[in-house]
Amino acid sequence: MSDTATPLHALLKDGGTLYRTALEPVTLQRAAHDLKLALFDIDCTRARTKSAVLRAIANAVDFPEHFGGNLDALYDCLTDTLLDQKRGMVLALRHLHENDPGLVPHVGGIIQVCEDTVEFARENGKVFTFVLETEEGVLEPTPLPPTSSYDG
């Protein structure tokens, strides 16, 4: 890593959520590499339903065949993958169709899983950063009521 860390390096090192539109893939790749974080950069251009987004994530992160295809399973697989990493990981969802009728009711749940994974990472001495970029631009967090299950 260079002597002068960029603001992106600082954000990745701390973990959390990045809502950006101008974050170039190569810039993210270099910063993750510098910090020794695994990077999973996922193009959601063709994913217009919850199931399609979860499949895109599962394929990119190489989840096990028994991945259940629901938000509880997403959390379980993300946290398992995170624990397998030496320092942590970055999950970037690009071109997410937040206003597509098949995704509207599920975007908040996907965000909640990622935010819960950030907390899990911190509790376990790891880093989890996720980037949400929508087809339309910046995706703002959507507050959800607390529940005991993502899909319930």
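Begin with the surface of the whole protein chain: the accessible area comes to about 8100 Å², and 49% of this area belongs to carbon and sulfur atoms. The coordinates are those of a predicted model. Of the 152 residues in the chain, 46% count as buried.

Next, switch to a cartoon view of the protein chain. Five helices and four strands appear, and from the N terminus on they follow the order α-β-α-β-α-α-β-α-β. Among contacts in the chain with a separation of 6 or more, 72% are accounted for by residues 24 or more positions apart.

**The largest nonpolar core**

Select Ile57, Phe63, Phe67, Leu74, Leu78, Leu91 and Phe128. Within the largest nonpolar core, which has 37 residues, these touch the most other members. Now colour the elements that give two or more residues to this core: β2 (38-43), α3 (50-61), α4 (71-84), β3 (88-96), α5 (107-123) and β4 (127-134). Which of them supplies the largest share of the core? It is α5, with eight residues.

A further selection, including Leu8, Val90, Ala92 and Val127, shows part of another core, which has 13 residues and lies apart from the largest one.

**Phe63 and its surroundings**

Centre the view on Phe63. Leaving aside residues up to four places away in sequence, Phe63 touches Ile57, Ala58, Leu74, Cys77, Leu78 and Thr81. Add Phe67 to the selection; both Phe63 and Phe67 are buried.

A pair of aromatic rings is described by the distance of the centres and the angle of the planes. A search of the whole structure finds three aromatic pairs. Phe63 and Phe67 form a tilted aromatic pair, with 5.0 Å from centre to centre and 50° between the planes.

**Helix α4**

Select α4, a helix of 14 residues. From the first C-alpha to the last, α4 reaches 20 Å, close to the 20 Å expected at 1.5 Å a residue. At the N-terminal end, display the side chain of Asn70, which caps α4: one of its side-chain oxygens lies 3.0 Å from the backbone nitrogen of Asp72.

Then show the side chains of Leu71, Ala73, Leu74, Tyr75, Cys77, Leu78, Thr79, Thr81 and Leu82, the buried residues of α4. Against which elements do the buried residues of α4 pack? The partners to display are β2, α3, β3, α5 and β4.

To finish, keep Leu74 and Leu78 in view. Both belong to the buried residues of α4, both are touched by Phe63, and both are listed with the residues that touch the most other members of the largest core.

Conventions. Residues numbered from 1 in each chain as written. Predicted model: local features only at pLDDT ≥ 70, side-chain atom pairs only at ≥ 80, totals over all residues. Heavy atoms only, no water. Core = buried A, V, L, I, M, F, W, Y, C linked by side-chain atoms within 4.5 Å. Buried < 20%, exposed > 50% of the residue type's maximum accessible area, 1.4 Å probe, protein only. Contact = heavy atoms within 4.5 Å. Expected span 1.5 Å × (residues − 1). Polar contact = N/O pair within 3.5 Å; in protein donor to acceptor, adjacent residues only side chain to side chain. Phe/Tyr/Trp six-rings, centres within 6.5 Å; stacked < 30°, edge-to-face > 60°. Areas by Shrake-Rupley, 256 points an atom, 1.4 Å probe, with all protein chains shown as cover.
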